[in-house]
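Reader: Before I rely on terms such as buried, stacked or capped, I would like to see how each one is justified. Could you take me through the reasoning, value by value?

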Amino acid sequence: MATPRPSPLLAGPSSAAAAPARQVTMRMFHGDVSLGEAEVFPIKPGPDGALPFPSNEIRVSHLSPASERCPPLAILQTIAPFSVRCKLQAKTLPLNPSIHRLYLTCFNEYKSAVVVVGDEELHLVAMPSKAVNVPCFWCCSVRAGLYASSVGMLNLRCLAIVFDLDETLIVANTVASFERRIGDLSHKMEAVDDPGRVAVMSAEIKRYIEDRALLKEFIDKDTVTDNGRIVAAQKEEVQPIGTQDRLLRPVIRLLERNAILTRINPEIRDTSVFVKLRPAWEDLRSYLTAKGRKRFEVYVCTMAERDYALEIWRLLDPEANLISLNNISERVVCVKPDSSKSLQHVFKNGGCHPKMAMVIDDRLKVWDEKDQPRVHVVPAYAPYYAPQAENANAVPVLCVARNVACNIRGGFFREFDENLLKKVFELLYENELLDLPYAPDVGDYLVCEDTNFVPTNKDPAPIPEGMSGAEVEKRLNGRAHQVDQKQISSSTPIPEGMSGAEVEKRLNGRAHQVDHKQISSSTRLSDDVRVAPRGNLAGSNVESNGGSLPITPLLFVSVLQEIGRLCNSKVEFRSTVSSTGKSTQFSVEVLFSNEKVGSGTGKTREEAQVQAAEKALQNLQSNYLSFVAPMAGVLNKDTSKSPGGGNGFLEDDIDSDGDTSMKELSGTTPIVDRLSSVISLLRELCVEDQHVVFRDEVQNPGSAINEEYHFQVELAGQILGIGIGANRDFAKLQAAEEALRFLETTTDPQIKKHLRPIRCS
């Protein structure tokens, strides 16, 4: 139960309300219990302001779930922005005590009174007032079921993540798809004169042949011979889903090859598939389930056949930690190959709002245009074309995806806590619709990340690998999917992962083609530059010139992240959005080990981020690295290992427990030791998801002629302490100690809500 708030009715008895003049009197019920009468005021004039209550009565069916930390209006503004339909207040005479009890229950326990109208819910939100002394509410509309699922996610600081399967997390092949790939490559190789390209294509064919041989042995004998060792299939029980019968599937897991052999339909051997898992999946999965805290609700959206998709996900999540067996049927969503994917379809049962979801997929255009800003595009997984490409990355592709998810979650809930929540607490019944604050959107925080994807040869990028859902569906019926090789031109190979409609378009020359430019193996290119899902950033166009690439502004971001990795220091981009009239301004700050080292503004988030990264690099070049390196212990660490236990992940900036605002410093002086202790005390005072930030307030650190350093400590954007000293350590210590004294004695409610409650012994 939420902590009771002070009485929301601030005024003395009065009948004057700052509300629209045209009101309607309606009877109000909670179930069958009469609550008296209420005056209802529409928000919009004219026909658009029609009141949503049927039969001119307000019948509350139930109360919403109690919220621990988020008032109902903040939740509703997040999942249904500006959805206030009307305002209502109890009639002064006679005032029914039942409506007063309902009002206080909703206000103090962070609940709303719910009126169900068809597939819509009308939430009556108890509002404080400065003009009236009777219960008053705002009425907001939202899709049925969405509020109940969202209140838990927002209280737990949880978002949704949607995964594609084929060529994003795995590549799967049947014997038929192996043979088609081998045939296509062999036919294409006949027309190639370059010995280097012939050698590359021959090696790719050899890899296909090796895995095809293993799959054939699995089909014939339920065993495989791997490096002279015979491995037998294990019968794995598949828990029934819905009306599905219990299944025992033969499965062989080849951990060293990062591969699994399984049989979609145990009764039909031709449905056997060879599945290659993308490297670092275990790392990404561990992040999603670390410490038992749910950071993301997981969904799958694929164009594959359903039984195939369910089995692939079972292999990826064998213990059902990401998606429980109770939710699997609605969380794994299959769409037809000739249709678009959409978050609205994924969440058709009201599990989440699209604004609170991100997508990880290897293709952008398969998603509805309105969802594309929320898609993190990864390079298509191509284990046969370029098997060493994933291992050549400084940070694996799925580790980059983890970093992106971490940054999105941090940015989203920082905006939610520091902007939306703060302003919602200030709203009164008399406020207007336009006084509601901006609601965060996952698409606002999808910042640039460098996948460092380096192909190992100079061949054009591969066509999609694996098999399509249509093939699986036919083979489940015992009919092997055959492709007439005579219809396929040697210059236009057909990807196995394409649907029949896509094949027909390609054969007719109408398929969409992507111009894969030649990339030198010595050049690392940002994924955002190669895929360009957000449009072109000024000055970031890449022009191929003999296999080399010019320096682009987005490389500032990549270089900055690489410096953080080598220094074993956390690099964090914090972004905010401000809107004035029709223009939107984006601001980005760069924090290096929780110290502000650069900032930038722009009309787009990418523009602001690049500007901030460039300024941060200038500051680091001047004098920051000489300070950070000894304190971070760089000289005593293996620089080949990335932070976070060598997995290449950035530290999660909104976790508790293992999450730290600043790495504990290995003391070399009494000042450093004292600073470490004070920082630990500050950390212990703050609730989870909140941490203090040290900011260097010197505009140009490199020109500190007087050897004077200025630091300030902030919590949730408010300054707690300021320090000035002849060196960085002393200035930071002075600011930290002042902040500690302030937090231990403050009575400011805006500060205390970010602190842990004091436990009485």
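**From values to terms**

Author: Tyrosine 384 has a relative accessible area of 1% and is therefore buried, since that term is used for anything under 20%. Please keep in mind throughout that this is a predicted model.

Reader: What makes the pair of phenylalanine 178 and tyrosine 384 edge-to-face?

Author: A pair of aromatic rings is described by the distance of the centres and the angle of the planes. Rings pair if their centres lie within 6.5 Å, and planes over 60 degrees apart count as edge-to-face. The ring centres of phenylalanine 178 and tyrosine 384 are 6.0 Å apart and their planes stand at 85°, so both conditions are met and the pair is edge-to-face. The two residues come from distant parts of the chain, 206 residues apart: phenylalanine 178 belongs to helix H4 (residues 175-189), while tyrosine 384 sits in the loop between strand S20 (375-377) and helix H10 (389-392). Phenylalanine 178 has a relative accessible area of 0%, so this residue is buried. Both residues also belong to one aromatic cluster, formed by Phe178, Tyr208, Phe274 and Tyr384.

Reader: How many aromatic pairs does the structure hold, and why is the pair of tyrosine 103 and phenylalanine 107 called stacked?

Author: There are 13 aromatic pairs in the structure. For tyrosine 103 and phenylalanine 107, the centres are 6.2 Å apart and the planes meet at 25°, so the pair is stacked, because that term covers planes under 30 degrees apart. Both residues lie in helix H2, 4 residues apart, which is about one turn of the helix, and both are buried.

Reader: How do you know that asparagine 96 caps H2, and at which end?

Author: A side-chain oxygen of asparagine 96 lies 2.8 Å from the backbone nitrogen of serine 98, and the end it caps is the N-terminal one. The cut-off for a polar contact between N or O atoms is 3.5 Å, so the distance qualifies. The helix itself, H2 (residues 97-108), has 12 residues and reaches 16 Å from its first C-alpha to its last, close to the 16 Å expected at 1.5 Å a residue. Its buried residues include Ser98, Ile99, Leu102 and Cys106. After H2 comes tyrosine 110, with a positive phi near 55°.

Reader: What makes S3 and S4 edge strands?

Author: The open sheet has 8 strands in the order S3-S1-S2-S5-S8-S7-S6-S4, with mixed pairing. Strand S3 (57-60) and strand S4 (62-63) each have a single partner strand, so one side of each is left without a neighbour in the sheet. For S4, the pairing with strand S6 (residues 113-117) is antiparallel and rests on 2 bridges, and two strands pair if there are at least two bridges between them, so this count satisfies the requirement. Histidine 62 has valine 114 in S6 as its bridge partner. Helix H1 (residues 72-79) lies across strand S7 (120-126) and strand S8 (136-143), at about 35° to S8, and helix H3 (residues 146-155) also lies across S7 and S8, at about 100° to S8.

Reader: Why is histidine 123 called buried, and which side chains make polar contacts with it?

Author: The relative accessible area of histidine 123 is 1%, so this residue counts as buried. Histidine 123 lies in strand S7. Its side chain makes a polar contact of 2.7 Å with that of serine 112 and another of 2.9 Å with that of glutamate 121.

Reader: Why is asparagine 727 called partly exposed?

Author: Its relative accessible area is 35%, and because buried means under 20% and exposed over 50%, asparagine 727 falls in between and is partly exposed. Asparagine 727 is placed in the loop between strand S26 (718-725) and H18.

Reader: How do you know that the span of H18 agrees with the expected one?

Author: Helix H18 (residues 728-745) has 18 residues, which should span 26 Å at 1.5 Å a residue, and its end C-alpha atoms are 26 Å apart, so the two values agree.

Technical notes
Residues are numbered from 1 along each chain as its sequence is written. This is a predicted model: local features need pLDDT of at least 70, side-chain atom pairs count only at pLDDT 80 or more; totals for chains, interfaces and linings use all residues. Side-chain values use heavy atoms; hydrogens and water are left out. The expected span of a helix is 1.5 Å times one less than its number of residues. Buried means under 20% relative accessible area, exposed over 50%, partly exposed in between (1.4 Å probe, protein chains only). A polar contact is a pair of N or O atoms within 3.5 Å; within protein, one must be able to donate a hydrogen and the other to accept it, and residues adjacent in sequence count only if both atoms are side-chain atoms. Contact means heavy atoms within 4.5 Å. Axes are lines fitted to C-alpha atoms, for helices over the stretch in contact, and angles run from 0 to 180 degrees between N-to-C directions.
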